[in-house]
Amino acid sequence: MSHSTHSADTAPTRTLALAGPIKVAILVGALAFLLVAPFLLYPIFLMKLLCFALFAAAFNLLLGYTGLLSFGHATFFGGAAYFTAHAVKVWGWPPEFGILLGVAGAAGLGLIMGAIAIRRQGIYFAMITLALSQMFFFFCLQAGFTHGEDGIQSVPRGHLLGVIDLGNSTNLYFTVLGVFLIGMALIWRFVNSPFGMILKSIRENENRAISLGYSVARYKLGAFVMSAALTGLAGGMKALVFQFATLTDVSWQMSGEVILMTLLGGIGTLIGPVFGAGLVVTLQNTLATSNVPVTIITGVVFMVCVLLFRRGLVGEFYASKLGRMLGFN
């Protein structure tokens, strides 16, 4: 009897001991793939994927970890794209300062929008973010510096730190990869900090968090601004990669797209939105030259995932027996 009890106790311990090295091996393998990817696949496609993966991960910071569904994140993505494109093209700023302006502008917009939206909860919060986002869309349509429906085109990529020529696709790819990894590291640190733990408690039971003495509105606003700033980082990089910023970047469809990416991958998981973004971007690129409507196929994929993978692709894997064995739960 004692022998069987001892075996039962040591099995989870062995599993936990293996989980760490397996996670490290997966991480190293993923990094190795990203380093060799531009020599195997089309760099522009990879850069688009990384930009949208960071966008989805930043959005998930708000939805997955704080429980706030925003329908207005295109404001920060497209707004940062406009700010970066204008600074680099019209003012002649170097790309790194253009991106920083985009991040600061997105954070400022997040502060304004968040301060208004967090006064409400649930669907009312989502509707307020959508309404404010549409207001920003019409501002971008009318504002002089955005050039209306034409957008800001032929944005020069310039030289990073005055040395690295971003006109070279390989140099630009590794710059985008570096920004993506920094963004993901910031999200991981944010989620695993005491601040992140409080956000999770707000998501699980807001009244309980209030009863414990936390200023819930302040924490929600902090998460909103952080999510907006990281979304701006993705938007600024996207403007340099494609060398333009248009109304598409601030449209409500873009907000819907990032929600789709996050739900497909799995909300509340760090890597889920990255997978979701990869799936959607790959579908868009694959079907772009075919006669099959991209939106219909994407909708079918989303419907299948909602019916069969309620937690998202990565969320279901984490909840599976294999995922629990590897320590992902």
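**Exercise 1: a helix and its length**

Task: Work out how the reach of helix α3 compares with the expected value, and whether its residues are mostly buried or exposed.

Solution. Start with the extent of the helix in this predicted model: α3 covers residues 74-89, which is 16 residues. Next, take the reach from its first C-alpha to its last, which is 22 Å. That is close to the 22 Å expected at 1.5 Å a residue. Finally, check the surroundings: 15 of the 16 residues of α3 are buried, so the helix is largely enclosed by the rest of the structure.

**Exercise 2: stacked or tilted?**

Task: Describe how the rings of Phe 55 and Phe 77 are arranged, and say which helices they belong to.

Solution. Two values do the job here, because a pair of aromatic rings is described by the distance of the centres and the angle of the planes. The structure holds 16 aromatic pairs. One of them is Phe 55 with Phe 77, at 4.4 Å centre to centre and 5° between the planes. Planes under 30 degrees apart count as stacked, and this pair is indeed stacked. Now place the residues: Phe 55 sits in helix α2 (residues 43-66) and Phe 77 in helix α3, so the pair ties together parts that are 22 residues apart in sequence. Last step, accessibility: Phe 55 has 0% relative accessibility and counts as buried. Phe 77 is buried too, also with a value of 0%.

**Exercise 3: another ring pair**

Task: Classify the pair formed by Phe 195 and Tyr 219, then find the aromatic cluster they belong to.

Solution. The centres of Phe 195 and Tyr 219 are 4.9 Å apart, with 45° between the planes, and the pair is tilted. This pair links distant parts of the chain: Phe 195 is in helix α7 (residues 194-204) and Tyr 219 in helix α9 (residues 216-242), 24 residues apart. For accessibility, remember that buried means under 20%. Phe 195 comes out at 26%, so this residue counts as partly exposed. Tyr 219 has 18%, so this one is buried. To finish, add the neighbours: Phe 190, Phe 195, Tyr 214 and Tyr 219 form one aromatic cluster.

**Exercise 4: pairing up charges**

Task: Find the partners of Arg 203, Lys 220 and Lys 238 in salt bridges.

Solution. The structure holds three salt bridges, and we can take them in turn.

- Arg 203 pairs with Glu 204, with the closest N and O atoms 2.9 Å apart. Arg 203 is partly exposed at 32%, while Glu 204 is exposed at 59%.
- Lys 220 pairs with Glu 206, with the closest N and O atoms 3.1 Å apart. Lys 220 is in helix α9 and Glu 206 in helix α8 (residues 206-211), so you've got a link between distant parts of the chain, 14 residues apart. Lys 220 is buried, with a relative accessible area of 4%.
- Lys 238 pairs with Asp 249, with the closest N and O atoms 3.0 Å apart. Lys 238 lies in helix α9 and Asp 249 in the loop between α9 and α10 (252-265), so the pair ties together parts 11 residues apart in sequence. Both Lys 238 and Asp 249 are buried.

**Exercise 5: checking a record against the model**

Task: What share of residues 97-116 and of residues 221-246 is helix?

Solution. First, look up the record: the unreviewed UniProt entry lists several stretches as "transmembrane region", including 97-116 and 221-246. Residues 97-116 are 100% helix and 0% strand, with the end C-alpha atoms 29 Å apart. Residues 221-246 are 85% helix and 0% strand, with the end C-alpha atoms 28 Å apart.

Note on methods
Residues are numbered from 1 along each chain as its sequence is written. This is a predicted model: local features need pLDDT of at least 70, side-chain atom pairs count only at pLDDT 80 or more; totals for chains, interfaces and linings use all residues. Side-chain values use heavy atoms; hydrogens and water are left out. UniProt positions are given in the numbering used here, feature names are shortened, and annotations may be inferred rather than shown by experiment. Helices (H or I, at least four residues) and strands (E, at least two) are DSSP runs, numbered from the N terminus. The expected span of a helix is 1.5 Å times one less than its number of residues. Buried means under 20% relative accessible area, exposed over 50%, partly exposed in between (1.4 Å probe, protein chains only). Rings of Phe, Tyr and Trp (its six-membered ring) pair if their centres lie within 6.5 Å; planes under 30 degrees apart count as stacked, over 60 as edge-to-face and the rest as tilted. A salt bridge is a side-chain nitrogen of Lys or Arg within 4 Å of a carboxyl oxygen of Asp or Glu.
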